[in-house]
Amino acid sequence: MSLLDRGFEPDAIESSLYEWWEASGFFKAGASGEPYSIMIPPPNVTGTLHMGHAFQHTLMDALVRFARMDGKRTLWQMGTDHAGIATQMIVERQLAAKNLDKSALGRDTFIDEVWKWRNESGGEISRQLRRMGSSLDWSRETFTMDAEYACAVREAFVRCHEAGYIYRGKRLVNWDPVLKTAISDLEVESKEEDGSLWHIRYPVVGDDGEFVTVATTRPETMLGDTGVAVHPEDVRFAHLIGKRVRVPIAGREVPVIGDSYVSMEFGTGCLKITPAHDFNDNEVGKRHGLPEINIFDAEAKLTEAAPSHLQGLERFDARKAIVKTLEELGLLAAVESHRVQIPRGDRSGAIIEPYLTDQWFMRMDALRDTAVDAVTDGRIEFVPAHYANLFNAWMRDIRDWCISRQLWWGHRIPAWYDEAGKVYVGRSENEVREKHGLEDAPLHQDEDVLETWFSSSLWTFATLGWPGCPESTAPLRDFHPTSALVTGHDIIFFWVARMIMMTQSLLGEVPFRQVYIHGLVRDAQGQKMSKSRGNGLDPLDLVDGIDLDSLLAKRTSNLMQPQLLPKIERATRKEFPNGIAAHGVDALRFTFAALASTGRDVRFDLSRVDGYRNFCNKLWNATRFALMNTKDYAHGAGDGGLAERWIRSRLATRIKACRRAYAEYRFDWLASNLYEFIWHEYCDWYLEVAKPSLWAAESNPESAAATQRCVLEVLESLLRALHPLMPFITEALWQQVSKRLNIEGDTVMLQPYPVFDQASIDEDATSDFDWMRAVVTFLRTMRSERGLPPGEPLPLLLQGSDSVVATAKLRLQEFEGTIRHLGRASKIVFLDEGAAAPPSAFELVGDMKIMVPLEGVLDLDTERRRIENVIQKAEQALKRTSAKLANSQFLQKAPEAIVLEEQQKAQTLESKLTRLQQEHAALH
RNA sequence: GGGUGUUUAGCUCAGAUGGGAGAGCAUCGGCCUUACAAGCCGGAGGUCGCAGGUUCGAUCCCUGCAACACCCA
């Protein structure tokens, strides 16, 4: 009963419940029922929980908890990603701090270091996921570098290679000269930066004194030029096509070619062609058979392909040197400033160099088509649907995917080379030897690893036992294809598309049936949250609270740009002058749900969390009230009266809405329905109406017992309905409430989710209850508007036709006590229809006039103005409706139901107006 | 340059089938009413970005424009 004594303290309930849930095995994949599965997008093992995770996991956990309660055989698969580059960078940085270098350690020792780091520091995200209440199946936790997972990766590689999807080749790739690895198109971020356009004269061979002036943003690449191109229809240069020009400094003679890729308007209209260091030039070069001359090494320094005095120069030093030489030679025609797109690696920030190397690629043409088909024919559904367009558009333009990386941490490519350099692909060296009869021939394995996204593209099935033997793949049969994928729009291409392609190619089925795309969490100003901006929030700081100094320290430590410190400090002090209060996990989760509408980005607003913490407090206190007033509850109570029928009807309606919200991924509707129901229906009205009945147990024990039963039953249902969003508080409260109702079961999380009950929908009870609310609201508003004390009892007079009075009397049998209690009515008296009423404040509720005599208090002028106001509004409404009804087109074409509705509206308004005008005239 | 999304109360956002507009927060007034002051009661607040079109009727559908955001080149 300690629950009754204390107020709501989230921390006190959250700490113990999760441990108990997990230890009890409640999160483990279910054993019966229709399968429902979600794979967690595996967080990077290097990661710590950020707002995006917290948001995403709240939604996934709600879906999973809902499915589990709804009787599904539910799996929420846990796991983390080895995150090749990110992890390797962290460990390298740690080594650098100890003045160590990975090349000094050697590959094997370095990988041991990475594992050591992972085992010691890689578990932070798991702890945080538990703190958020995520009901993940930890017993199935998978790491993408686990031995079984690695086996699946090799299998996938070999099968794709056998199917002809994977090939090795020398191609132009995006090269990161800092990390010294190839990266994929998606890992390159292009931004416009200030640059220059250099106009350079290339002498025409055999025509002394004639030049072709090319324009370029990268003069240093001229050392690799193997052609100059003009537009074939450009009359200015038509005579040059077929001639040769001499590339200055390099001294090479190259042809002038015509290619429609050249824009006649841009620059000089002449383009130098460097097939080895530009993607577009590479295509032009291929069309015209131009050689590809690689002038850079892996660190983007000039190689022997450059003149000897320039060799070894880094590319931007080379640029300076070359521009200077050109100037001296008089070959620099002009320099203009120019905005250029600079491609940078998303990890290192280094400027990416298109670079010719041997890499492994995945062919996209056939796989692309199967993926697009799966989305087009509805086997995979995007929610919201418009993301399917984005997906298709991207797939249309997709290029072959470079899957090899020059890193050490990751899945090593299962390919071996003999001494002649011939490549063999297989699951293991032994398999390769046997298959190709290589016996003892020296073989060495490919040094490269696979891109991380290659292994994570297998995530939905490699976690379930694939390829495995029949016994170990039972989970695969049960849970694949998975039910839903929940992710942000930023990784549709990185991950979603690749999962669809890989899964279809390897399993012949889709990886998931629905993809719910949620928005990104931004700060209150709509800015992306990031460490470098210093505007990030740690979700657990919202949960547990943090003082200003700690928050400042957190936001300003290890800044990449220390000059931003004062700005960040100012902004933080302004937004959180007192730090952040503790709100509890449930309030934060509910906030995320409430903000999650239609997949758009969300601006995170702390005042919303405040509001939902208050909501938790409300629920807590409502339960305290329920428990306090049902101590003597005994079974066998009746169904109760109108109020009970009303609240049960409202509950049924809300349950229907909740289920629809789950089906449509509208977590905002889910949240608002539950909030409205609990606060404004259950607490504001039902519990208030219940009080007189509960307190009159001695005079009317049956009624009191029925009320107790309804108070408890509705509360118990709504706790179940709310549980997927607010697991902690609902569990703590449900355990108390269920005890009182003698419900079996240890935990709310394994109770059935409430089912919509059509039989509980009760229109009559709803209109009766609404009538009562109108009467009470009149009394309250009337008092408030006239400045009368809210507590002072006032008599209430009712007047109407016989039938109206008869209905009212029936309703009063149930609600007289309620109206006296909630409206502070001293007595309720009926006036004969024709009788003259005393000077009163009045209102029309339907066809009944309700009034409070205010002899002496009433100011006639004020009352008259009040009525005039109401009359004016009614007249306006009537005018609109009459205009419609006078329109023959409307009568002809509008649906009958709408016409009828308008006719009724007009009738009601007319009679109301008549009454109001009578009252107005009577006010003297 | 191409594409997608957004534009509704002071702020953050709903508006589900086209039938004259909703919530939370903030704000104003009144309440220590035996669950809750993290509360209760009541009020005020809108040219639904702009211009056309379709329709009996448009916040909603169509076209154009503007602003903002993101993606691609």
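**Close-up 1. Aromatic pairs in the predicted model, with F8 and W620 as an example.** In this predicted model, the structure holds 35 aromatic pairs. One of them brings together the rings of F8 and W620, whose centres are 5.6 Å apart and whose planes meet at 50 degrees, so the pair is described as tilted. The two partners come from distant parts of the chain, since F8 sits in the loop between α1 (2-5) and α2 (10-23), while W620 belongs to helix α22, and 612 residues separate them.

**Close-up 2. The protein surface near RNA strand B.** How many residues surround RNA strand B? There are 44 of them, and the closest are S597, N617, W679, K893 and P895. When these surface residues are sorted by character, they divide into 13 nonpolar, 13 polar and 18 charged. Looking from the side of the RNA, 59% of the strand B atoms within 4 Å of the protein belong to sugar or phosphate, and the rest belong to bases.

**Close-up 3. Side chains beside the phosphates of RNA strand B, and the helices that line the strand.** Three side chains can be followed here, each with a polar atom beside a phosphate oxygen of RNA strand B. For W679, an N or O atom of the side chain is 2.6 Å from such an oxygen. For R666, the distance from a polar side-chain atom to a phosphate oxygen of the strand is 3.0 Å, and for N614 the corresponding distance is 3.4 Å. The elements that give two or more residues to the surface near RNA strand B are α22 (606-628), α24 (667-695), α27 (763-786) and α30 (888-893). Which element gives the most to this surface? That is α22, with 11 residues.

**Close-up 4. The packing of helix α23 against helix α25.** Two packed helices are described by the angle between their axes and the distance between the axes. Here the axes of α23 (residues 642-663) and α25 (residues 701-722) come within 10 Å and cross at roughly 10 degrees. Because the crossing angle falls under 35 degrees, α23 counts as roughly parallel to α25. On the α23 side the contact is made by E644, I647, R648, L651 and I655, and on the α25 side by A706, T707, R709, C710, E713, V714, S717 and A721. Taken together, the residues of this contact divide into seven nonpolar, two polar and four charged.

**Close-up 5. Backbone details in three loops.** A cis peptide bond joins V383 and P384, with omega at about -5 degrees, and P384 lies in the loop between β14 (381-383) and α12 (387-396). Another cis peptide bond joins H480 and P481, where omega is about -5 degrees; P481 is placed in the loop between α16 (474-479) and β21 (482-488). The remaining detail concerns N99, which has a positive phi of about 60 degrees although this residue is not a glycine. N99 is found in the loop that runs between α4 (84-97) and α5 (102-105).

Terms used: Residues are numbered from 1 along each chain as its sequence is written. Chains are lettered from A and ligands numbered from 1 in the order in which they are written. This is a predicted model: local features need pLDDT of at least 70, side-chain atom pairs count only at pLDDT 80 or more; totals for chains, interfaces and linings use all residues. Side-chain values use heavy atoms; hydrogens and water are left out. Axes are lines fitted to C-alpha atoms, for helices over the stretch in contact, and angles run from 0 to 180 degrees between N-to-C directions. Helices (H or I, at least four residues) and strands (E, at least two) are DSSP runs, numbered from the N terminus. Angles under 35 degrees count as roughly parallel, over 145 as roughly antiparallel, 65 to 115 as roughly perpendicular and the rest as oblique. Contact means heavy atoms within 4.5 Å. Ala, Val, Leu, Ile, Met, Phe, Trp, Tyr, Cys and Pro count as nonpolar, Asp, Glu, Lys and Arg as charged, and the others, Gly among them, as polar. A residue is near a molecule or strand if one of its heavy atoms lies within 4 Å of it. A polar contact is a pair of N or O atoms within 3.5 Å; within protein, one must be able to donate a hydrogen and the other to accept it, and residues adjacent in sequence count only if both atoms are side-chain atoms. Rings of Phe, Tyr and Trp (its six-membered ring) pair if their centres lie within 6.5 Å; planes under 30 degrees apart count as stacked, over 60 as edge-to-face and the rest as tilted.
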